[in-house]
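Here are my notes on this one, set out as numbered points. Have the model open while you read.

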Amino acid sequence: MAAFQPYDGGPDGLMLGASSASLVGFHGTSATAQVALSATAAIATTAATTGAATYGLTSAQMNGMVALVNALRAALVTKGIAST
């Protein structure tokens, strides 16, 4: 079976899903809408000056990064881009 390679020939490239509500899935998973990561998106990027751990980050900053990584992993698994 030949691989399906979607391409519309336009100069702007190819879009999967016309909006964040459009359903998209990969590798045989159920199609789902875009995952919202707003709750974990904002993490301070400046090194902490008080209460800093070994790497110059507070536990709150590290917890935020761990939450974001876990949310990204869950989104990739939900879409079928990564497996468990």
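**Notes on the model**

1. Let me start with R73, whose place is in helix α1. This is a predicted model, so take what follows in that spirit. R73 comes out as partly exposed, with a relative accessible area of 45%. Follow the chain on to T84 and you are eleven residues further along in sequence, yet the two C-alpha atoms are 9.2 Å apart in space.

2. Now the helix itself. α1 runs over residues 59-79, which makes 21 residues. From its first C-alpha to its last it reaches 30 Å, close to the 30 Å expected at 1.5 Å a residue. As for the rest of the inventory, the protein has one helix and zero strands, so don't go hunting for a sheet.

3. Which residues of α1 are buried? They are Q61, G64, A75 and K79. They cover an arc of only 60° around the axis, which puts them on the same side of α1. Turn to the other side of the helix and you find S59, N63 and V69 exposed. The general background is familiar: an α-helix has 3.6 residues a turn, so residues three or four places apart point the same way.

4. K79, found in helix α1, deserves a look of its own. Is K79 buried or exposed? Its relative accessibility is 12%, and because the cut-off for buried is under 20%, K79 counts as buried. What does K79 touch, not counting residues up to four places away in sequence? The list is V24, G25, F26, T29, T32, A33 and Q34.

5. Next comes G80, in the segment after α1. The phi of G80 is positive, near 90°. G80 is buried too, with a relative accessible area of 10%. Leaving aside its neighbours within four places in sequence, G80 is in contact with F26, H27 and T29; F26 and T29 also turn up among the residues that K79 touches. G80 and V24 are 56 residues apart in sequence, while their C-alpha atoms are 9.7 Å apart in space.

6. One backbone angle I would flag is at H27, which sits in the segment before α1. Most residues other than glycine have a negative phi. The phi of H27, though, is near 55°, a positive value in a residue other than glycine. H27 counts as exposed, at 72% relative accessibility, even though H27 is one of the residues in contact with G80.

7. Last, the whole-chain numbers. How much of the protein counts as buried? The figure is 13% of the 84 residues. The protein exposes about 6600 Å², and carbon and sulfur atoms supply 61% of that area. Among contacts with a separation of 6 or more, 40% come from residues 24 or more positions apart. The contacts of G80 with F26, H27 and T29 and those of K79 with residues including V24 and Q34 are examples to look at on screen.

Definitions and conventions. Residues numbered from 1 in each chain as written. Predicted model: local features only at pLDDT ≥ 70, side-chain atom pairs only at ≥ 80, totals over all residues. Heavy atoms only, no water. Helix = DSSP H or I, 4+ residues; strand = E, 2+ residues; numbered from the N terminus. Expected span 1.5 Å × (residues − 1). Buried < 20%, exposed > 50% of the residue type's maximum accessible area, 1.4 Å probe, protein only. Arc of directions from axis to C-beta. Contact = heavy atoms within 4.5 Å. Areas by Shrake-Rupley, 256 points an atom, 1.4 Å probe, with all protein chains shown as cover.
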